[in-house]
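Got your viewer open and a selection box ready? Let's walk through a few spots, one pick at a time.

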Amino acid sequence: MMFLVTKFCCFSIVVTAVCGRYVTSTDAEPQQTFRITPNDIEANQGDEVVLRCEIEHLAGRVQWTKDGFALGFSNEIVGYPRFSLNQNHSDGVYNLRITNTSYDDAALYQCQVGPAKHNHPIRAQAKLTVLATPKDLHAKYSRA
């Protein structure tokens, strides 16, 4: 009986060593992290805006959201003809470009990198504020 317990303990140790291996810093895979996160931006109506997002050790898929609404993964964003995703996968660059900004574009944007093997999802956000230009204010109040 004692022989079986000893043998079982040895088996248990082997399983732990093979299946539950401790990961050390020398054999750990680098985690996806942000190299550049988007910054809050104030833009005048009609300006072009670029929200920057760059990732080191990219493993997951990248997309942008606008006020929590997912804009998708492709360069062209359906339903948003003035929006485009300027991406270079090999460099980890996923910048959101908005041309001819309007008041409807003012929102909270988020660059989201999805989970992948051994990588947790990461997110970074920025607020876009669209300001009225003196020309816009003049046109609005001169009609009144």
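Here is a short tour of a predicted model, starting at a sulfur link and ending in two loops.

**Stop 1: the cysteines.** Select C53 and C111 and show their side chains. You're looking at a disulfide, with the sulfurs 2.0 Å apart. Don't bother hunting for others: searching the whole structure turns up one disulfide. Now check the torsion about the S-S bond, which comes out at -70°, making the link of C53 and C111 left-handed.

What does the pair tie together? Color by secondary structure and follow the chain from each end. C53 sits in the loop between strand 3 (49-51) and strand 4 (54-56), while C111 belongs to strand 9 (residues 107-113), so the link connects parts 58 residues apart in sequence.

Next, switch on a surface. Is C53 buried or exposed? With a relative accessible area of 0%, C53 is buried. C111 is buried too, also at 0%; the cut-off for that label is under 20%.

**Stop 2: D67.** Jump to the loop between strand 5 (62-66) and strand 6 (69-70), where you'll find D67. Look at the backbone here: phi of D67 is near 50°, a positive value in a residue that isn't glycine. Keep the surface on for this one, since D67 is exposed, with a relative accessible area of 55%.

**Stop 3: N100.** Last pick: go to the loop between strand 8 (93-98) and strand 9, and select N100. Which sign does phi of N100 have? Positive, at about 50°, although N100 is not a glycine. From this loop you can follow the chain into strand 9, where C111 from the opening stop lies.

Technical notes: Residues are numbered from 1 along each chain as its sequence is written. This is a predicted model: local features need pLDDT of at least 70, side-chain atom pairs count only at pLDDT 80 or more; totals for chains, interfaces and linings use all residues. Side-chain values use heavy atoms; hydrogens and water are left out. A disulfide is a pair of cysteine sulfur atoms within 2.5 Å. Helices (H or I, at least four residues) and strands (E, at least two) are DSSP runs, numbered from the N terminus. Buried means under 20% relative accessible area, exposed over 50%, partly exposed in between (1.4 Å probe, protein chains only).
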